[in-house]
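Please read the points that follow alongside the sequence and the model. They are written for a colleague who has not met this structure before.

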Amino acid sequence: MKRDSQVFEIIEKERQRQMSGIELIASENFVSDEVMEAMGSVMTNKYAEGYPGKRYYGGCQFVDETEQLAIDRLKELFGAVWVNVQPHSGAQANMAVFLTLLKPGDKFMGLDLSHGGHLSHGSKVNSSGMLYSPIAYEVDEETGMVDYDKMEEIALIEKPKLLLAGASAYSRDWDYKRMRAIADKIGAFLMADIAHPAGLIAVGLLNDPLKYCHVVTSTTHKTLRGPRGGIIMMGEDFENPFGKTTMKGVVRKMSSLFDSGVFPGIQGGPLEHIIAAKAVAFGEALQKEYKDYMKQVKKNANIMANAFIDKGYHVISDGTDNHLMLIDLRTKFPEITGRKVENRLVLADITVNKNMVPFDNRSPFQASGLRIGTPAITTRGMKEDHMPVIVDFIDQIISDIDNDELIIKVKEQVNAMMSEFPMFAG
């Protein structure tokens with residue numbers, strides 16, 4: 001068969017873009033060759049509706065092995081008692097949990113999208129906001145941190161059936177213990193979406209939601225550095241909604257309900273090539289080198305946030321506990337939108353994403369902020385000394401935003417610097 005040169009030429013251009021540029025999108029990372037090899041394997045040929053040992057198709061004995069390996073490794077990584085590795089994405093994992101715990105029209109409570117929340121946490125354009133009744137909590141305007149007292153006030157009035165911890169653009173750790181106390185007061189389920197900080201949580205650098213939350217979801221492609229996909233997990237602590245059933249029976253019953261929420265609730269056949277790649281990534285995350293990597297991600301983010309602050313930018317919450325930061329451009333450059341900065345930085349091979357900031361006066365399509373993260377550049381081997389250099393590149397362009405010659409000059413410096421770093425230094 002003739003090679004499809006059109007497609008593979010485009011793929012090669014994307015490979016070159018990734019290699020030559022500085023990748024600062026907080027939800028992106030670079031996978032190892034082994035993860036990529038598993039994604040491109042013959043596992044993609046196998047249809048396997050159902051779960052290991054309980055499939056609707058024959059010939060699943062080997063995909064059963066890889067899926068069970070992914071399950072066992074993920075349990076070990078997070079200390080979970082039950083996991084599901086089949087969700088195609090984090091949003092799908094969230095949808096499956098909602099389908100299991102909520103009925104259409106039920107209230108649930110998550111962080112406001114414009115304050116750092118995620119589309120699947122109640123946006124009106126997402127199924128979570130279409131099928132259910134979302135109630136938002138916010139960050140404090142002065143501190144930029146989640147206001148747990150206000151969250152409790154709202155929860156006591158609205159009495160949502162589910163309380164959701166987690167965000168897409170929030171740089172601080174979460175008080176899951178406090179949120180569990182709020183949930184218990186109103187008889188609500190507590191869910192955490194750890195799509196962004198999952199890797200930091202797995203190695204003990206941030207608070208552990210499995211100690212307090214009834215259910216935890218995540219993606220596998222951000223700080224976990226695996227293929228694009230989702231997961232669902234449960235710890236030991238799950239309140240008993242089934243009368244006299246034993247705790248072991250409760251976990252078994254709830255896991256069965258969550259499994260059904262994924263398949264056949266929202267998905268058909270699982271992507272067994274992606275699940276094989278998840279197993280590889282979870283195995284990598286169980287190694288000591290991965291903990292060292294996560295420590296470096298956090299160090300780099302802290303140094304970078306401070307470098308932005310030193311140059312006069314307002315970093316929301318005045319810093320970061322995790323892998324990302326949210327920058328409000330209005331303090332230093334009130335007339336420049338996040339969209340324009342994003343577009344100009346792309347021309348210099350620096351990739352960020354525009355993002356709304358708390359109490360933003362612009363639309364999501366223009367935005368007043370930037371979301372920046374360090375997982376991808378840390379995977380390539382960049383350390384603390386490189387962070388101020390990157391911040392200086394960004395500041396040069398924003399400070400002279402319409403200077404095309406400057407962009408060309410910065411791009412040359414970016415390309416020269418990144419030529420020294422492999423795609424995956426881990």
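The numbered points below deal with salt bridges, then with single residues, a surface patch and the cysteines.

1. A word of caution comes before the rest: this is a predicted model, and every value quoted in this note was computed from it.

2. The count of salt bridges comes to 21, and a few of them deserve a look one by one. In general, side chains of opposite charge can pair when their charged atoms come close.

3. One of the salt bridges joins the side chains of arginine 55 and glutamate 67, with an N to O distance of 2.8 Å. This pair links distant parts of the chain, since arginine 55 belongs to strand β3 (residues 54-55) and glutamate 67 to helix α3 (residues 61-78), with the two positions twelve residues apart in the numbering. Are these two partners buried or exposed? Arginine 55 and glutamate 67 are both buried.

4. A second salt bridge is formed by the side chains of aspartate 106 and lysine 161, at 3.6 Å from N to O. Here the partners sit in loops, aspartate 106 in the one between α4 (90-101) and β5 (107-111) and lysine 161 in the one between α6 (148-158) and β7 (162-165), and the pair, 55 residues apart, again links distant parts of the chain. Lysine 161 has a relative accessible area of 33%, so this residue counts as partly exposed.

5. In a third salt bridge, arginine 344 meets aspartate 404, and the closest N and O atoms are 2.6 Å apart. Because arginine 344 lies in helix α12 (residues 338-347) and aspartate 404 in helix α15 (residues 404-418), the pair ties together parts of the chain that are 60 residues apart in sequence. Arginine 344 is buried, with a relative accessible area of 13%, whereas aspartate 404, at 47% relative accessibility, is partly exposed. Elsewhere, Arg55, Asp64, Glu67 and Glu272 are joined into one network by salt bridges that share partners.

6. Aspartate 328 is found in strand β12 (residues 324-328), and its relative accessibility of 6% makes this residue buried. What does the side chain of aspartate 328 make a polar contact with? The partner is the side chain of arginine 330, at 2.9 Å. If residues up to four places away in sequence are left aside, aspartate 328 touches His314, Ile316, Val357 and Ser368.

7. Isoleucine 309 has its place in helix α11 (residues 288-310) and is partly exposed, at a relative accessible area of 32%. Not counting residues up to four places away in sequence, isoleucine 309 touches Val315 and Asp318. From isoleucine 309 to arginine 371 there are 62 residues in sequence, while the C-alpha to C-alpha separation in space is 14 Å.

8. On the surface, a nonpolar patch is formed by Val7, Phe8 and Ile11, which together have about 250 Å² of accessible area. Of these residues, phenylalanine 8 lies in helix α1 (residues 5-20), and with a relative accessible area of 38% it is partly exposed.

9. How many disulfides does the count give? The count comes to zero disulfides, where a disulfide would need a pair of cysteine sulfur atoms within 2.5 Å. As for single cysteines, cysteine 60 is buried at 4% relative accessibility, and cysteine 213 is buried with a relative accessible area of 1%.

Definitions and conventions:
Residues numbered from 1 in each chain as written. Predicted model: local features only at pLDDT ≥ 70, side-chain atom pairs only at ≥ 80, totals over all residues. Heavy atoms only, no water. Buried < 20%, exposed > 50% of the residue type's maximum accessible area, 1.4 Å probe, protein only. Helix = DSSP H or I, 4+ residues; strand = E, 2+ residues; numbered from the N terminus. Polar contact = N/O pair within 3.5 Å; in protein donor to acceptor, adjacent residues only side chain to side chain. Contact = heavy atoms within 4.5 Å. Patch = residues over 30% accessible without salt bridge, like charges linked within 9 Å, V, L, I, M, F, W, Y side chains within 5 Å. Areas by Shrake-Rupley, 256 points an atom, 1.4 Å probe, with all protein chains shown as cover. Salt bridge = Lys/Arg side-chain N within 4 Å of Asp/Glu carboxyl O.
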